[in-house]
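The following exercises are to be worked through with the sequence and the three-dimensional structure in view. Each task is followed by a solution in steps.

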Amino acid sequence: MRMLVTGGAGFIGANFVHLTTRTRPDVHITVLDALTYAGNRASLDPVADHITFVHGDITDAALVDRLVAETDLVVHFAAESHNDNSLGDPWPFVHTNIIGTTTLLQAVRTHDVRYHHISTDEVYGDLELDDPARFTETTPYNPSSPYSSTKASSDLLVRAWTRSFGVRATLSNCSNNYGPYQHVEKFIPRQITNVLTGARPKLYGAGLNVRDWIHVDDHNTAVWTIIDKGTLGQTYLIGADGETDNRTVVETILELCGHDTNDYDHVTDRPGHDLRYAIDSTRLRTELGWTPTYTDFRAGLTATIDWYRTNENWWSTKKTETESAYLTAGERVGVTRIRRS
Ligand code: NAD
Ligand code: DAU
């Protein structure tokens, strides 16, 4: 089978390529990636001999058409993925997430190629902290940020191309991923690398916001399950029952690194900061038989800390750039200290 993976030099895409080369040697992978600030060719070094890498943009219609014509399956990870960046400059998000997805859809439509669309639980907006509800496939779309709005747009485009043009597509909406090769702008690697470089972790606002953490390999086994067994036209929510508030995540990282669990700062909150995400993945589990492997968050976090400890060359340059970008964007340490009761 020939497969085109967009965004394969990013966090989840690179892990997907690694998993696929390990478990499916019959699949030939072509990665299409623009190598934006978030892409890192080095993330593909361990599999470089097994894949074809194309440096290009998913909005380049001629390039995309040529690559899609030569493949049996497209798995679309490429995106502008960071909420904070989308608040500073939404345009790259519109370009890649909306125009880029449309470009891919036109190509898979022309060549009748199977397509899997990677999306996020953020399209559903957020939940109250004390609400027992979780997102399901029928939760109405209610995105909050420019990032999640452009991802919601891309999902709707896929649904329209499926219904109007018969494109053979499936969609998945996953919760927050963690694991190796994640850019240090994101919450967990930012705090791990803060501790490893002697800086204090940074919690937005009070740190009570809840995210539903899933290990990246569990996300990617779920994607393969959907490609193998999913019903065309359907959406599947991916989650591993990992709800944890941000303060607990920071305290756990500090504890696992042997530091005082109070050694962190509260900083400027994110405007429009979504309170809580929570996934009900019953459809994926009961209809397709998927189950997560990394059910122990502390163990997954320990392995992730070890990875960042031993791969400083992969992140050290990006760390300096990222921390200066957060300062330029106006992040300031606050005075409020909220202690657990
Ligand atoms: P990432 O930012 O780490 O990687 C994105 C990749 O896409 C980079 O390699 C980048 O170079 C590439 N890219 C960006 N614009 C491009 C363009 N115009 N043309 C070609 N390549 C381009 O993102 P990630 O965290 O790996 O997320 C991957 C996908 O998973 C995204 O669609 C995201 O919305 C979705 N998702 C992410 C999470 C999460 O927790 N990170 C959770 C659910 C869904
Ligand atoms: O839910 C899925 C989404 O998860 C994906 O669609 C996005 O691509 C991915 O970036 C992620 O979005 P979040 O905004 O939830 O992730 P982020 O890592 O930016 O932040 C996680 C939480 O941690 C959020 O509540 C904000 C908070 N935070 C973040 C940073 C960077 C902090 O408290 N301090 C920080 O320094």
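**Exercise 1. A helix and its surroundings**

Determine which residues of helix H8 are buried, and decide whether the helix is enclosed or open.

Solution. The structure is a predicted model.

Step 1. The buried residues of H8 are Asn246, Arg247, Val249, Val250, Glu251, Thr252, Ile253 and Leu254.

Step 2. Helix H8 spans residues 246-256, and 8 of its 11 residues are buried, so the helix is largely enclosed by the rest of the structure.

Step 3. The partners are then identified: the buried residues of H8 pack against H6, S8, strand S9 (210-212), S12 and helix H10 (297-310).

Step 4. The two ends of the helix complete the description. At its start, the backbone nitrogen of Arg247 has a side-chain oxygen of Asp245 within 3.1 Å. Just after H8, Gly258 adopts a positive phi of about 80°.

**Exercise 2. The surroundings of ligand 1**

State which residues are closest to ligand 1, and describe its polar contacts and its cover.

Solution.

Step 1. Ligand 1 is surrounded by 28 residues, of which Ile12, Asp33, Ser81, Tyr147 and Lys151 are the closest.

Step 2. Polar backbone atoms come into play at two residues: one of Ile12 is 2.8 Å from an oxygen atom of ligand 1, and one of Leu35 is 3.4 Å from an oxygen atom of ligand 1. A side chain takes part as well, since a nitrogen atom of ligand 1 has a polar side-chain atom of Thr96 at 3.0 Å.

Step 3. On its own, ligand 1 has 830 Å² of accessible area, and the protein covers 96% of it.

Step 4. Two or more residues of the shell come from each of H1, strand S5 (114-120) and helix H5 (146-165). S5 gives the most, with 3 residues.

Step 5. By class, the shell around ligand 1 holds 13 nonpolar, 12 polar and 3 charged residues.

**Exercise 3. The surroundings of ligand 2**

Describe the shell around ligand 2 by its nearest residues, polar contacts and composition.

Solution.

Step 1. There are 25 residues around ligand 2, and those that come nearest are Thr120, Asp121, Tyr147, Arg270 and His273.

Step 2. Two side chains supply N or O atoms to oxygen atoms of ligand 2: Arg270 at 2.6 Å and His273 at 2.7 Å. From the backbone, an N or O atom of Ser81 lies 2.8 Å from an oxygen atom of this ligand.

Step 3. Ligand 2 taken alone exposes 690 Å², of which the protein buries 95%.

Step 4. Helix H6 (187-196) and strand S8 (202-204) each contribute at least two residues to the shell.

Step 5. The composition of the shell is 7 nonpolar, 10 polar and 8 charged residues.

**Exercise 4. The nonpolar cores**

Identify the residues with the most contacts inside the largest nonpolar core, and the elements that supply the core.

Solution.

Step 1. The largest nonpolar core contains 34 residues, and Met3, Phe16, Leu44, Val75 and Ile238 have the most contacts inside it.

Step 2. Among the elements that each supply at least two residues of this core are strand S1 (2-6), helix H1 (11-23), strand S4 (73-76) and helix H7 (216-229).

Step 3. Val75 may serve as an example. Beyond its neighbours within four places in sequence, Val75 is in contact with residues including Met3, Val5, Phe16, Ile118 and Val223.

Step 4. A second, separate core has 22 residues, including Leu32, Ile58, Val108 and Leu171.

Step 5. A general tendency gives context: in soluble globular proteins, nonpolar side chains tend to be buried together.

**Exercise 5. Individual residues**

Is Ser172 buried or exposed, and where do Asp112 and Asp241 lie?

Solution.

Step 1. Ser172 is found in strand S6 (residues 169-174). Its relative accessible area is 0%, under the 20% limit, so Ser172 is buried.

Step 2. Leaving aside neighbours within four places in sequence, the contacts of Ser172 include His116, Ser119, Thr120, Tyr236 and Ile238.

Step 3. Asp112 lies in the loop between helix H4 (91-111) and S5. With a relative accessible area of 48%, Asp112 is partly exposed.

Step 4. Asp241 lies in the loop between S11 and strand S12 (243-245).

Step 5. Most residues other than glycine have a negative phi. Asp112, however, has a positive phi near 50°, and Asp241 has a positive phi of about 55°.

Definitions and conventions:
Residues numbered from 1 in each chain as written. Chains lettered and ligands numbered in written order. Predicted model: local features only at pLDDT ≥ 70, side-chain atom pairs only at ≥ 80, totals over all residues. Heavy atoms only, no water. Helix = DSSP H or I, 4+ residues; strand = E, 2+ residues; numbered from the N terminus. Buried < 20%, exposed > 50% of the residue type's maximum accessible area, 1.4 Å probe, protein only. Contact = heavy atoms within 4.5 Å. Near = heavy atom within 4 Å. Polar contact = N/O pair within 3.5 Å; in protein donor to acceptor, adjacent residues only side chain to side chain. Areas by Shrake-Rupley, 256 points an atom, 1.4 Å probe, with all protein chains shown as cover. Nonpolar A, V, L, I, M, F, W, Y, C, P; charged D, E, K, R; others polar. Core = buried A, V, L, I, M, F, W, Y, C linked by side-chain atoms within 4.5 Å.
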